[in-house]
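Thanks, everyone; I would like to spend a few minutes on the ligand site of one model, and then on its internal space. Please have a look at the structure first.

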Amino acid sequence: MGRLVVVSNRVPVPDKGGIAPAGGLAVALKVALEEHGGIWMGWSGKSSGEHEPQPLAQLQQGNITYALTDLTDTDFEEYYQGFANRVLWPICHYRLDLAEYGRKEMAGYFRVNRFFAHRLAPLVKPDDVIWVHDYHLIPLAAELRAMGLKNRIGFFLHIPWPPADVLFTMPVHEEIMRGLSHYELVGFQTDHDLENFAGCLRREGIGDELGGGRYSAYGRVFKGDSYAIGIETAAFAEFAKKASTHKVVKRTRESIGDRSLIIGVDRLDYSKGITQRIDAFERFILANPAQHGHVTYLQITPKSRSEVPEYEAMQRMVAEQAGRVNGALGAVDWVPIRYINRSIGRHILAGLYRLSKVGLVTPLRDGMNLVAKEYVAAQDPDDPGVLLLSRFAGAARKLYGALLVNPYDIEGTANAMARALSMPLEERKERWKTMMDYLLEHDVTRWCDDFLKDLTGRPDLPGEHADEARVPYPEEAGIKASD
Ligand code: GDG
């Protein structure tokens with residue numbers, strides 16, 4: 001294959017010493033980029049106000065070029081906050097009640113994708129392979145095709161794909177589906193997401209499943225498959241072992257004493273089921289008086305997307321809820337819930353996972369959920385904790401050793417907490433080993449290799465660009481920004 005060109009909304013730019021920010025995805029893609037040489041392009045995270053952004057800022061690190069563009073305030077509001085985070089995110093997480101459609105935002109989303117394409121195209125060579133990431137950039141391939149690019153282009157969706165009845169509530173669902181058909185390979189986290197996607201194609205006769213993982217739609221043939229994203233399992237396990245001696249982790253151990261620690265780690269997001277989880281913890285304490293004073297639930301919740309009103313409201317709600325439970329159930333020498341509303345260092349996080357007897361990962365819906373995988377990798381093999389996992393997280397499709405829960409069932413989740421805390425060592429070890437063996441084999445490097453192998457080694461795909469003609473996008477198809 002030629003060079004690799006990765007495009008994502010945000011780019012993990014290495015610091016001046018060339019160190020990439022922590023996180024499996026950044027590491028795995030950096031390894032692939034180093035191997036093939038290439039470009040990682042995306043938004044700089046900065047605004048150019050209302051002025052046209054300057055040309056791409058390019059930063060060379062070895063044989064990788066990081067290419068970053070600013071966005072105007074309007075672009076940020078319409079494309080990022082508006083359509084990506086207030087329409088696509090809730091819709092893909094089955095929350096059509098939270099989706100806020102606005103013609104202006106929808107037009108802004110397609111406009112910024114076109115802008116990205118125009119900035120990227122001059123950097124791309126004919127044999128480069130392009131890998132586009134996530135829901136912010138679905139229409140990018142169509143825009144690049146419209147500019148005449150014939151490269152192999154793959155897309156990976158990090159979040160869930162909803163069933164047709166949910167997706168079709170979105171006024172521009174047709175344009176989104178058409179956008180995906182312009183890729184050679186569309187990757188989802190799980191078989192369920194892929195099934196939902198195939199269902200969307202079948203409904204209203206948009207397209208067909210051709211067999212062998214091939215699909216046709218809008219006069220094009222492309223492949224779809226599922227690729228569960230992993231973590232750097234072996235490295236994270238080692239990291240967590242070392243982190244147990246970190247002073248903050250030691251202090252936490254001392255402050256916990258002989259109580260059992262339960263941990264939850266989630267960006268503050270309504271998809272993560274944090275309020276239902278606190279309800280379940282409260283129910284568990286009320287139903288198990290013997291546990292009073294003997295268990296501490298640590299919830300680490302960095303703020304995210306605070307500029308979006310739903311997130312701001314949720315931030316207040318979770319803090320109030322944790323305070324109410326502590327006020328009602330706590331004692332002068334026992335605070336049942338320790339709630340941290342900011343980000344903590346990755347090494348401390350790894351050490352805290354290892355210290356915790358139970359990992360609570362109970363999203364209402366999640367593409368994969370890396371916290372579940374990190375919690376497992378961080379455990380002491382001789383005395384592993386128990387992963388309590390929502391059946392609606394992508395991770396539940398493969399982590400067979402977890403205790404699966406339905407996060408909407410507060411009582412069921414509370415019962416599972418009690419079961420996890422009393423699970424015998426032999427059962428804990430057996431469950432942990434099943435999961436760890438899987439995670440070691442299916443780490444993030446394997447995920448990256450599998451996707452790229454399918455994208456590049458596909459002589460059977462015609463690379464058909466039957467519908468090369470310019471695709472009319474919403475603002476041209478009669479949806480005006482001023483509507
Ligand atoms: C999306 C999809 C999919 C969290 N708090 C802190 C911290 N974190 C780190 C965790 C983990 C990451 O953030 C969160 O990843 P998740 O996968 O759990 O969730 P999303 O952010 O929603 O990610 C998801 C993922 O994309 C990848 O495809 O799995 O389904 O929604 O790595 O450790 N890290 C540090 N301090 C914190 O306080 N250092």
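Let me start with the ligand, where helix H12 (346-355) and helix H13 (370-377) each supply at least two residues of the surrounding shell; helices here are DSSP runs of H or I with at least four residues, strands are E runs of at least two, and both are numbered from the N terminus. I should say early that this is a predicted model, in which local features need pLDDT of at least 70 and side-chain atom pairs count only at pLDDT 80 or more, while totals for chains, interfaces and linings use all residues. Residues are numbered from 1 along each chain as its sequence is written, and side-chain values use heavy atoms, with hydrogens and water left out.

Of the 22 residues around the ligand, those that come nearest are His158, Ile344, Asp366, Leu370 and Glu374, where a residue counts as near if one of its heavy atoms lies within 4 Å. By class, that shell has 11 nonpolar, six polar and five charged residues, with Gly counted as polar. Because domain 1 (4-230 + 444-456) and domain 2 (233-441) both give residues to the shell, the ligand lies between them; the bounds come from an automatic or database domain assignment.

Turning to polar contacts, meaning pairs of N or O atoms within 3.5 Å, a ligand nitrogen is 2.6 Å from a polar backbone atom of Ile344. A ligand oxygen lies 2.9 Å from a backbone N or O atom of Asn369, and a ligand oxygen is 3.1 Å from an N or O atom in the side chain of Gln189. The protein buries 83% of the 740 Å² that the ligand exposes when taken alone, with areas from the Shrake-Rupley method and a 1.4 Å probe.

What, then, is the volume of the largest cavity? That volume is about 30 Å³, a cavity being a set of points on a 1 Å grid over the protein atoms alone where a 1.4 Å probe fits but cannot get out, and lining residues having an atom within 4 Å of a point. Helix H15 gives the largest share of its lining, four residues, and the lining divides into five nonpolar, two polar and two charged residues.

Notes:
1 Å grid on protein atoms, 1.4 Å probe; cavity = no way out; pocket = protein on both sides within 12 Å on 5 of 7 lines; lining within 4 Å. Points joined across faces, edges and corners; volume = space filled by probe spheres on them. Polar contact = N/O pair within 3.5 Å; in protein donor to acceptor, adjacent residues only side chain to side chain.
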